[in-house]
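User: Could you take me through one part of this model in detail? I would like to look closely at a metal site and at what surrounds it in the chain.

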Amino acid sequence: MSHSYSDGRTLNDSPNTTFEQILETRLSRRGLLKGAVALAVAGSLPLSVAGCATGLRREGGLGFRGIAVSTADAVRVPEGYAANVLYAWGDPVGHPSGSPAFRPDAGNTADDQALQAGMHHDGIHYFPLPYGSDNSANGLLVMNHEYTDDGLLHADGFANWSADKVRKAQNAHGCSVIEVRAAGGKWEVVRPSRYARRVTARTPLRISGPAAGSAGMKTAADPAGTTVLGTFNNCAHGFTPWGTYLTCEENWDTYFTSSGTLMPDQKRNGVSPKGRGYRWDEFDERFDAGRHPHEPNRHGWVVEFDPYDPQSQPVKRTALGRFSHEGAWSATARDGRLVVYLGDDRRFEYIYKFISRDAWNRVDRNANRNLLDHGTLYVARFHDDGNGEWLPLVHGQGKLTREYGFADQADVLIRTRAAADAVGATKMDRPEWIAVHPASHEVYCTLTNNSQRGTKDKAGIDRANPRANNVFGQIIRWREAGDDPAGMKFAWDLFAIAGDPQHPDTARRGNIKGDAYGSPDGLWFDDSGLLWIQTDVSASTLNKNHYERLGNNQMLAADIRTGETRRFLTGPNGCEVTGVVMTPDARTMFVNIQHPGESPQGRNDPLQPKAHSAWPDGSSGGRPRSATVVIRRNDGGIIGT
Ligand code: FEO
Ligand code: CA
Ligand code: CA
Ligand code: CA
């Protein structure tokens with residue numbers, strides 16, 4: 001059987017044989033460095049092979065006792081640790097204008113929802129107060145609320161669908177900024193707080209960067225193409241070294257319908273004429289792409305805002321491209337420019353990085369206000385020999401010209417996926433989170449799964465995406481040339497192939513050293529270099545035979561020096577574990593539990609809201625709620641070690 005590489009070459013091999021080969025010859029740490037040395041010799045690149053233990057803020061290692069898989073409707077953590085709910089959907093954000101209490105019967109109004117936690121917590125970051133300090137007892141937690149389950153959001157679900165229900169759904173999207181503080185290790189939300197705010201799918205945002213004001217961004221409501229209402233489907237996140245938050249618009253296409261003919265770019269991005277069930281278009285006509293063909297172009301971006309200034313207007317940074325943005329993770333280049341790594345979470349989509357034109361200013365944070373508006377976007381190509389390169393998406397270069405249908409740089413950025421297709425980037429198995437090692441700058445990226453890899457008319461396997469019908473995913477990593485995040489070439493290998501070691505199908509077993517998991521999604525390095533891995537095996541996949549051995553979704557920690565992975569947390573039924581950060585002293589960890597009780601059928605039945613989970617309120621509650629959980633060691637020690 002013949003399998004195509006993403007660049008059209010074919011590999012005469014069966015998927016199983018290739019998988020075995022990958023397992024056998026999987027590049028170990030030594031293998032990666034050998035590859036890097038080979039790259040250095042071949043391309044005369046000054047690659048450093050220095051160890052990564054130096055330069056860390058603190059030393060660490062796996063110091064907790066790993067826990068068993070679980071199918072309990074609870075959050076479980078290791079012996080000696082405690083996990084407590086801090087901030088669940090519907091809890092008041094603490095805005096000075098009011099703190100409406102959550103109603104377990106989902107009876108809160110749209111106006112209440114605008115002052116409460118949104119649904120489906122995702123990416124999260126802790127900003128110490130004041131800015132520039134390393135205060136570990138008072139700070140701002142900023143997080144995303146990815147999407148809504150309208151079966152849980154309204155007491156009667158989609159029945160009697162109305163403008164108010166659309167407004168409530170829109171207000172349950174976006175971001176929260178909450179002030180949190182601790183006394184004696186006990187954390188609470190500060191209410192009221194002058195910092196508390198919600199950004200929603202109705203908040204006016206500025207559009208900036210090369211695509212702002214361009215023809216493709218203009219609509220009837222915004223003829224200038226510079227202001228847009230809202231951000232939604234904010235999945236993971238990022239932050240800048242100058243203390244702003246980055247929130248990333250992922251599955252924006254699912255909110256649109258079209259009463260007209262889909263434009264090619266709408267098709268390329270997955271817009272469906274009938275929509276995906278949010279029904280916003282019925283009372284907010286800009287979500288009908290047939291009537292407002294440019295409105296979709298105004299979503300799918302990275303948004304930056306300053307949590308320290310509650311009046312600051314969030315800004316869509318078009319220089320970072322438009323696709324299903326998972327998150328935006330930054331690193332500083334040797335010359336001081338900011339590098340932002342970006343994943344496009346869709347089957348067969350790409351990994352990108354943005355490099356700013358200018359170095360960021362370490363003294364004056366205001367000088368960085370528009371830094372993300374100028375720079376170059378690159379997309380990754382992973383060669384089968386373990387090397388890779390970054391391909392620029394610059395109008396006028398290669399096929400990114402008028403002759404090939406790209407009008408200008410704004411057009412290249414609005415149609416980022418088409419531009420990446422044109423330069424021949426490598427089609428990946430759903431890039432999710434990216435984590436940059438705090439000392440070595442080695443980059444890790446979760447590729448969560450891709451059930452269509454190797455199927456008819458789809459890309460076949462390659463070395464970076466080595467399994468056909470890839471259910472459990474893998475974690476890829478690379479080291480940039482010269483260990484400089486701004487490098488144009490890199491050496492890569494697979495850190496781990498996820499799976500169930502007892503699976504009857506050898507291709508589903510993976511090669512995890514230690515505790516097994518499937519579908520890695522959230523990924524984060526703490527200051528000691530421990531790699532935290534969060535999983536998102538879907539409810540429908542979990543329900544199938546042979547998958548329940550992995551239990552509910554979970555979080556693990558890996559010591560990349562040994563490759564050992566240990567299970568640290570298991571979540572309640574039907575949840576995804578996504579979003580993790582610690583205070584600077586590493587004695588408090590915040591973890592988000594998303595969609596407890598997710599229904600394998602999709603949205604929940606409003607008549608049986610607790611059918612799949614009652615977490616976190618249990619029998620006293622009305623329905624499951626996504627929530628931020630605080631994790632502490634009982635002895636107040638450093639988490640993980
Ligand atoms: Fe919202 Fe790709 O996870
Ligand atoms: Ca995710
Ligand atoms: Ca996922
Ligand atoms: Ca999810």
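Analyst: Happy to; here is a walk through the calcium site, followed by a separate look at one strand.

This is a predicted model, in which local features need pLDDT of at least 70, side-chain atom pairs count only at pLDDT 80 or more, and totals for chains, interfaces and linings use all residues. Residues are numbered from 1 along each chain as its sequence is written, chains are lettered from A and ligands numbered from 1 in the order in which they are written, and side-chain values use heavy atoms, with hydrogens and water left out.

The calcium ion (ligand 2) has as protein donors Glu326 (OE), Glu432 (OE), Asp521 (OD) and Asp521 (OD), at 2.3 to 2.6 Å. Donors here are N, O and S atoms within 2.8 Å of the metal (3.2 Å for Na, K and Ca); water is not among the atoms, so sites may look incomplete. Along the chain, their spacing is E-x105-E-x88-D. Glu326 belongs to strand S15 (residues 325–332) and Glu432 to strand S22 (residues 431–436), so the pair ties together parts 106 residues apart in sequence. Strands (E, at least two residues) are DSSP runs, numbered from the N terminus. Glu432 also bridges the calcium ion (ligand 2) and the calcium ion (ligand 3), which lie 3.9 Å apart. Both Glu326 and Glu432 are buried, meaning under 20% relative accessible area with a 1.4 Å probe, protein chains only.

Now for the strand. In S30 (residues 564–570), five of the seven residues are buried. Strand S29 (residues 554–559) runs antiparallel to S30, joined by six bridges, and Leu556 stands opposite Arg567.

Technical notes: Helices (H or I, at least four residues) and strands (E, at least two) are DSSP runs, numbered from the N terminus. Buried means under 20% relative accessible area, exposed over 50%, partly exposed in between (1.4 Å probe, protein chains only). Two strands pair if DSSP finds at least two bridges between them.
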